[in-house]
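Q: Got a minute to go through this model with me? I'd like to start with the ligand and then see where we end up.

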Amino acid sequence: MTTPSGSFRSPTLQEEPLHPRGGAPGAGVQPAIEISGLTKRYGEGDAAVDALKGAAMVVWPGEVVGLIGPSGSGKTTLLKCLGAVIEPSAGRMALAGETIYDHGWKVKDLRALRRDRIGFVFQAPYLIPVLDVTENVALLPMLAGLSNREARDRALRMLAALDVGHRADARVSQLSGGEQQRVSIARALVNEPPVILADEPTAPLDSDRALTVIRILNEMAQRFRTAVIVVTHDEKIIPTFERIYRIRDGRTYEEAGQRRAA
Ligand code: ADP
Ligand code: MG
């Protein structure tokens, strides 16, 4: 298992992480994500659909893994379970070493879980057009209880880390597509969640921009020890993953990615 060096932090970023992480796997570190036997049934009786039939996955802090599978295989269902958007039917799920599902929710406050533990990056950036760039990123730390001033400072540091600090006062509509995707990654990272879930984040981008987004996610994963799952069909980026989970008919299969072999 390769592991990121972990301790590097940009001098522009706050010294104290919101959620301190441990060292490397093998040194008592918990996986950022660990699921086993996860099932999800939608509906009942004749109309029941078994979207997940025993998914299993382990992702370590600092890793970016690909989740690849055909349409209807359960990718979005799995991301929604991991993101505490929907409840699985059975199985186990732990985030950062804490069991959050074990045939019944252990953590009741799913909203807090989503806000503090999970960053989402979508295919479309979903930025809020009436807010400027800094406000878009500062919103989440404000919701997490930081003062306006602290939230703004945090947002500015994250924008700088993603090389869009110079666009801090711009309106969303003034940004290029690539800049918008960087801002949406800044927003996903700003509360330093242990987990980032990205659903087809490069689908609308050309090859160069797609690879840039993946490079940024890898850099940020190492810097913040974030575990990142990227759902994708994008042939351009599949070779960039060290590990891949294939998903077919609700079941997951782990394989080594090409990057490690290269
Ligand atoms: P993917 O993201 O890989 O395309 P999904 O997780 O969206 O797959 O869907 C997996 C299966 O679950 C599909 O058969 C889909 O039709 C079904 N499904 C997804 N969402 C629902 C829902 N809300 N109600 C009923 N069936 C659903
Ligand atoms: Mg989907």
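**Around the ligand**

A: Sure. Two elements, strand S2 (49–59) and helix H1 (75–82), each supply at least two residues of the shell around ligand 1. Keep in mind that this is a predicted model.

Q: OK, and which element gives the largest share of that shell?
A: That's H1, with 3 residues.

Q: Which residues are around ligand 1, then?
A: You'll find Tyr42, Val49, Ala51, Pro70, Ser71, Gly72, Ser73, Gly74, Lys75, Thr76 and Thr77 there.

Q: How do the shell residues divide into nonpolar, polar and charged?
A: The shell around ligand 1 has 4 nonpolar residues, 6 polar ones and 1 charged one.

Q: What about lysine 75, how does its side chain sit relative to ligand 1?
A: A polar atom of the lysine 75 side chain is 2.8 Å from an oxygen atom of the ligand.

Q: And what do the backbones of glycine 72 and serine 73 do there?
A: Glycine 72 has a backbone N or O atom 2.6 Å from an oxygen atom of ligand 1. For serine 73, a polar backbone atom is 3.2 Å from a ligand oxygen.

Q: So how much of ligand 1 does the protein bury?
A: The protein buries 58% of the 560 Å² that ligand 1 exposes when taken alone.

Q: Switching topic: where is arginine 117?
A: Arginine 117 is in helix H2, which covers residues 110–117.

Q: Is that arginine 117 buried or exposed?
A: Arginine 117 counts as buried, because its relative accessibility is 18% and the cut-off for buried is under 20%.

Q: Huh. What does the side chain of arginine 117 make a polar contact with?
A: Its partner is the side chain of glutamate 98, at 2.4 Å.

Q: Which other residues does arginine 117 touch?
A: Leaving out residues up to four places away in sequence, arginine 117 touches Leu95, Ala112, Pro193, Pro194 and Val195 as well as Glu98.

Q: Let's zoom out. How many helices and strands are in the chain?
A: There are 7 helices and 10 strands.

Q: And how much of the chain is buried?
A: Buried residues account for 50% of its 262 residues.

Q: What about contacts between residues far along the sequence?
A: Take the contacts between residues at least 6 apart in sequence: 70% of them join residues at least 24 apart.

Q: Last one: what's the accessible surface of the chain?
A: About 12,000 Å², and carbon and sulfur atoms hold 50% of that.

Key: Residues are numbered from 1 along each chain as its sequence is written. Chains are lettered from A and ligands numbered from 1 in the order in which they are written. This is a predicted model: local features need pLDDT of at least 70, side-chain atom pairs count only at pLDDT 80 or more; totals for chains, interfaces and linings use all residues. Side-chain values use heavy atoms; hydrogens and water are left out. A residue is near a molecule or strand if one of its heavy atoms lies within 4 Å of it. A polar contact is a pair of N or O atoms within 3.5 Å; within protein, one must be able to donate a hydrogen and the other to accept it, and residues adjacent in sequence count only if both atoms are side-chain atoms. Accessible areas come from the Shrake-Rupley method with a 1.4 Å probe; for residues, only the protein chains shown count as cover. Helices (H or I, at least four residues) and strands (E, at least two) are DSSP runs, numbered from the N terminus. Ala, Val, Leu, Ile, Met, Phe, Trp, Tyr, Cys and Pro count as nonpolar, Asp, Glu, Lys and Arg as charged, and the others, Gly among them, as polar. Buried means under 20% relative accessible area, exposed over 50%, partly exposed in between (1.4 Å probe, protein chains only). Contact means heavy atoms within 4.5 Å.
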